[in-house]
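Me: I would like a close look at a single part of this structure, with its surroundings taken in turn. Please go through it carefully and keep the account connected.

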Amino acid sequence: MEPASYDDRPAWPRWLRVLTWSFPLGRPLGIELRAYALGLLVLPLVMLPLDWVAALAPWEAAAYVAGGVLAICLATWVHELGHAWVARRHGVGTARIVLSPLGAMAHMDAPAPSPQAETRIALAGPATHVAWLALLWPATRVVPWEAHAGPLLLHHALWLHASLLAFNLLPCWPLDGGRVLRSLLARRMHPNRATLWAANVGLVGAVVLGVLGLVRPGVQGGVLLAVALTNLVACLQARREARHADGPYGLSRAPWEEDAEAWKHAGPPEVEVLPPAPTWSQRRARAARQRAEAAEQAALDTLLARVSEVGLAGLTPRERARLQQLGEARRRRGPGA
């Protein structure tokens, strides 16, 4: 879990603090959004096909680069919003989303409560790219490829979302595909053993990305090396947690709590998963139901007070019908209502 204050960070050297400096961009949709300044400088060199700029006029080239950076930031932000939205439906909040040179990261308040929840949360991010592609692909069929900023940005956005979709679905920890792999394995074996398998696959993927980074020249090769290194560190950390932590799922109580070697057992674990917290729509429906019941109770109390004054014979036909209606509704809800 992330610390409550974003500024509770170790005292980095001054030069490293400059590289890791971030600034707030507001709280759209109630989630804090921050961005690393370094990311805004690196993103154009990494994610934009700058060879497309050669045929553009200077002002169009500037517009293309600026629009491309905005498209990248929007794509990664919406990707993380997909994770955050599905996580909220499973009772997990998101404190902030941070845009970085390597994409974006949603800092959630707790782990996924179950393997099924982790599958849904992990797939929600790539699903946003599918929605973008469904909008952009017909548009690129209508707008022809031309050496102008607008058409180039449209075709670049299509290429961008297709690339992000394919990359994030790689079964390499800690990418979304790696988390889906872990959650699927956790349905058939102990979650810590599933984490070990996913981390081992991620280590192989990190080595492959590192080799690709070495053979690819320029800034993109360097970024591939950086991604490989961060994935390698994440996989090693996941392996350590699988051997020494209580398990990856925040609201579960597994045999690991009583048996430190439970992850070595071959059979699937007996895991008790607590129900997810009610969603916003469920809480709204429950509040409306409580208000309706309170109104019915107030009407019933008024009619009973009227009965105590004049008796049943003194009630009007409309009051008697209303009293019978309220009584039947109360009986349907049961004796505890």
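Reply: Strand E2 is a good place to begin, since four of its five residues are buried, leaving the strand mostly covered. The model is a predicted one, and what follows should be read with that in mind.

E2 has a partner in strand E1 (residues 22-24), to which it is joined by three bridges, with the two strands running antiparallel. Within that pairing, Ser22 has Tyr36 of E2 as its bridge partner. E2 also pairs with E3, in this case in the parallel sense and over four bridges. Two positions along this pairing deserve attention: Glu32 stands opposite Arg96 in E3, and Arg34 stands opposite Val98 in E3.

The first of these positions involves charged side chains, and here the strand pairing and the salt bridges can be read together. The side chains of Glu32 and Arg96 meet in a salt bridge, with a nitrogen-to-oxygen distance of 3.5 Å. This pair links distant parts of the chain, for Glu32 belongs to strand E2 (residues 32-36) and Arg96 to strand E3, 64 residues apart. Both Glu32 and Arg96 are buried. Glu32 also forms a salt bridge with Arg34, in which the closest N and O atoms are 3.3 Å apart, and Arg34, like Glu32, is buried. Taken together, Glu32, Arg34 and Arg96 are linked in a network of salt bridges, and the structure as a whole holds four salt bridges.

As to the facing of side chains, in a regular strand they alternate between the two faces of the sheet.

Moving on to E3, six of the seven residues of this strand are buried, so E3 is largely enclosed by the rest of the structure. Besides its pairing with E2, strand E3 (residues 94-100) pairs with strand E4 (residues 103-108) in the antiparallel sense, over six bridges. E3 and E4 form a hairpin that has two residues between the strands. Ser100 stands opposite Gly103 in E4, while Val98 has Met105 of E4 as its bridge partner. Val98 can thus be followed in two directions, as it also stands opposite Arg34 in the pairing of E2 with E3.

For contrast with these covered strands, the salt bridge between the side chains of Arg306 and Glu319, at 3.6 Å from N to O, may be set beside the network. This pair too links distant parts of the chain, with Arg306 in helix H9 and Glu319 in helix H10 (residues 317-333), 13 residues apart. Arg306 has a relative accessible area of 30% and is therefore partly exposed, and Glu319, at 22% relative accessibility, counts as partly exposed as well. The residues of the network, by comparison, include Glu32 and Arg96, which are both buried.

Helix H9 also takes part in a feature of the surface. Arg88, Arg283, Arg286 and Arg289 gather there in a patch of positive charge, and the largest share of that patch, three residues, comes from helix H9 (residues 280-310). Arg283 is found in this helix, and because its relative accessible area is 41%, Arg283 is partly exposed.

A second surface patch is nonpolar in character, covers about 740 Å² and is made by Val204, Val207, Val208, Val211, Leu212, Leu214, Val215 and Leu225. Seven residues, the largest share of this nonpolar patch, come from helix H7 (residues 191-215), whereas Leu225 lies in helix H8 (residues 218-244). Leu225 has a relative accessibility of 34%, and therefore counts as partly exposed.

To return to the starting point, E2 is a mostly covered strand that pairs antiparallel with E1 and parallel with E3, and its residues Glu32 and Arg34 share a network of salt bridges with Arg96.

Methods. Residues numbered from 1 in each chain as written. Predicted model: local features only at pLDDT ≥ 70, side-chain atom pairs only at ≥ 80, totals over all residues. Heavy atoms only, no water. Patch = residues over 30% accessible without salt bridge, like charges linked within 9 Å, V, L, I, M, F, W, Y side chains within 5 Å. Areas by Shrake-Rupley, 256 points an atom, 1.4 Å probe, with all protein chains shown as cover. Lys, Arg positive; Asp, Glu negative; His and termini not counted. Charge placed at Lys NZ, Arg CZ, Asp CG, Glu CD. Buried < 20%, exposed > 50% of the residue type's maximum accessible area, 1.4 Å probe, protein only. Pairing = 2+ DSSP bridges.
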